[in-house]
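Biologist: I have a fold on my screen and I'd like to learn how to read it. Can you walk me through the features one by one?

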Amino acid sequence: MKKHVHIYTDGACSGNPGPGGWAAILVHGKVEKELTGAEDHTTNNRMEMMAAIAGLEALKGSCRVDLTTDSTYVQKGITEWLPGWKARGWRTADKKPVKNADLWQRLEEAAVGHDVKWHWVRGHDGHEYNERADMLARNALKAF
C-alpha cells in the first residue's frame, strides 16, 4: 500500500514580477516537513508552481498524494489545460506559446509515479495549512 501524503502549497510575490517565495508543507500522519524557497525576479504563478514541484520532488517512493493549492492556475493547469497544450506543441488555443512551459513540464514530471489528487481552496480563508504555507512563502521572499 502506498504511503498517503498531504501537500499544502502556496506562492507569494512582491510585485508581479518581483521577488517571490514559495512554500510546501508535507504531512504524513503526525510527521510534517516544511520546504521553502525564493527567487529575486519571478511571478506569483511561477512561485505557486514551484511550491507544488518542490513538494512532489521531495517525496521518496511512489505515494498517494492529496495536493492542496489556492492557485486555480496550478489546479486547472495540471488537471484541465495541460493535455491540450501538449497536443498543440506547447501552444495555447490561440496559438501563443504557453507561459511557464518549463515549469509545467517539470510539474508533470514530478507527479509521475504518484497518485495525485489536486485540490483547490480559497486563499486567505482560514484554512490552517494554507494560511501557514502563505506565511512561510511570504517569509521566504523576504530573503530579497
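Biologist: What covers the buried residues of helix 3?

Modeller: Two terms before the answer. Helices (H or I, at least four residues) and strands (E, at least two) are DSSP runs, numbered from the N terminus. Buried means under 20% relative accessible area, exposed over 50%, and partly exposed in between, with a 1.4 Å probe and protein chains only. In this structure the cover over the buried residues of helix 3 includes helix 1 (44–57), helix 2 and strand 5. Contact here means heavy atoms within 4.5 Å.

Biologist: Which residues of helix 3 are buried?

Modeller: Ala 101, Leu 103, Trp 104, Leu 107, Ala 110 and Ala 111. Just past the end of helix 3 sits Gly 113, with a positive phi of about 90°.

Biologist: And what kind of model am I looking at?

Modeller: It's a predicted model, where local features need pLDDT of at least 70 and side-chain atom pairs count only at pLDDT 80 or more, while totals for chains, interfaces and linings use all residues. Residues are numbered from 1 along each chain as its sequence is written, and side-chain values use heavy atoms, leaving out hydrogens and water.

Biologist: Let's zoom out. How many helices and strands are there in the chain?

Modeller: Four helices and five strands. Read from the N terminus, the order is β-β-β-α-β-α-α-β-α. The radius of gyration is 15 Å, close to the 15 Å that the globule rule gives for 144 residues, so the chain is as compact as a globular protein of that length. For the record, that radius is taken over C-alpha atoms, and the rule is 2.2 Å times the number of residues to the power 0.38. The C-alpha trace spans about 45 × 40 × 25 Å along its principal axes.

Biologist: What share of the 144 residues is buried?

Modeller: Buried residues come to 47%. Another handy number is about contacts between residues at least 6 apart in sequence: 66% of these join residues at least 24 apart.

Biologist: How do I read strand pairing?

Modeller: Two strands pair if DSSP finds at least two bridges between them. Here strand 1 (residues 3–13) pairs with strand 4 (residues 63–69) in the parallel sense, over six bridges. One position to click on is Val 5, which stands opposite Val 65 in strand 4. Strand 1 also pairs with strand 2 (residues 18–28), this time antiparallel and over eight bridges. There, Asp 10 has Ala 23 of strand 2 as its bridge partner.

Biologist: And the side chains along a strand?

Modeller: In a regular strand the side chains alternate between the two faces of the sheet. For a case, try Thr 68, which lies in strand 4. Thr 68 is buried, with a relative accessible area of 11%. Skipping its neighbours within four places in sequence, Thr 68 is in contact with Ile 7, Tyr 8, Thr 9, His 119 and Val 121. Thr 68 and Thr 9 are 59 residues apart in sequence, yet 6.3 Å apart in space, C-alpha to C-alpha.

Biologist: Is Lys 3 in strand 1 buried, exposed or partly exposed?

Modeller: Lys 3, which is found in strand 1, is partly exposed, with a relative accessible area of 37%. Beyond its neighbours within four places in sequence, Lys 3 touches His 28, Lys 60, Ser 62, Cys 63 and Arg 64. Lys 3 and His 114 are 111 residues apart in sequence and 9.9 Å apart in space, C-alpha to C-alpha.

Biologist: What should I check in the loops?

Modeller: Backbone torsions. The hairpin of strand 1 and strand 2 has four residues between the strands, and Gly 15 takes a positive phi near 90° there. Pro 17 lies in that loop too, and the peptide bond from Asn 16 to Pro 17 is cis, with omega near 15°.

Biologist: Where do I find positive phi outside glycine?

Modeller: Asn 100 is one case, with phi of about 65°. Asn 100 sits in the loop between helix 2 (72–87) and helix 3 (101–111), and at 15% relative accessibility Asn 100 counts as buried. His 124 is another, with phi near 55°. His 124 belongs to the loop between strand 5 (115–120) and helix 4 (128–141), and at 58% relative accessibility His 124 counts as exposed.
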